[in-house]
Amino acid sequence: MSEDKNQENTEVVDILPEDAAPAADAPVDRVAALEAELASAKQDILYAHADTQNVRRRLEKELADARAYAATAFARDMLSVADNLSRALAAIPADLREDEKFKSLVVGLEATGRELESVFSRNGIVKLESVGQPLDPNRHQAMMEVPSADAEPGTILVEMQAGYTIKDRLLRPAMVSVAKKPD
């Protein structure tokens, strides 16, 4: 039995001195580790907060753009209707415009054209003014060059198809003929 007690005492004595030495440095190391962990956690929170703000701002901008430009595809389709109406009005000869049988038809078509322009205006769709302006590749599509001694090279002489913007974006470029130096 005395042998069992010696073994137990030896084990207890062996364990206590090893734990006692690191125990003095453990609180300092533990505090330093916790402070480092806290600083890291604070940094992570700041990054997460900044990321959340960026996502919120981006979504707000996308929502505003979606509201402003939601009708872009529809507006682009309506431009062909406006073009066809303008061509139909331009094709009516002057003598038929004065004829009493066709006068009300012409007046109705012109009123429809004005109403279409009014609807475009209310929705931020604006026709580009091109003739006499310098060619802007961001707003115009040059279809051909025409030699001209009267106009500066690069000046738009003829507008073949009107261009439009919706709010501040190009909806459709104007198809134009541009002046060049005579040969």
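User: What makes the lining of the largest pocket divide into nonpolar, polar and charged residues?

Analyst: The lining has 10 nonpolar, four polar and seven charged residues, because Ala, Val, Leu, Ile, Met, Phe, Trp, Tyr, Cys and Pro count as nonpolar, Asp, Glu, Lys and Arg as charged, and the others, Gly among them, as polar. The model is predicted, with local features needing pLDDT of at least 70 and side-chain atom pairs pLDDT 80 or more, while totals for chains, interfaces and linings use all residues. Residues are numbered from 1 along each chain, and side-chain values use heavy atoms, without hydrogens and water.

User: Which element gives the most to the lining of the largest pocket?

Analyst: Helix H4 does, with seven residues. H2, S1 and strand S3 (156-161) are among the elements that each supply at least two.

User: Why is H4 called a helix, and how does its reach compare with the expected span?

Analyst: A helix is a DSSP run of H or I with at least four residues; H4 (residues 100-122) has 23, so the term applies. The expected span is 1.5 Å times one less than the number of residues, which gives 33 Å, and H4 reaches 34 Å from its first C-alpha to its last, close to that value.

User: What makes the link between Asp99 and Lys101 a polar contact?

Analyst: A side-chain oxygen of Asp99 reaches to within 3.2 Å of the backbone nitrogen of Lys101 at the start of H4. A polar contact is a pair of N or O atoms within 3.5 Å, one able to donate a hydrogen and the other to accept it, with residues adjacent in sequence counting only if both atoms are side-chain atoms; the pair therefore qualifies.
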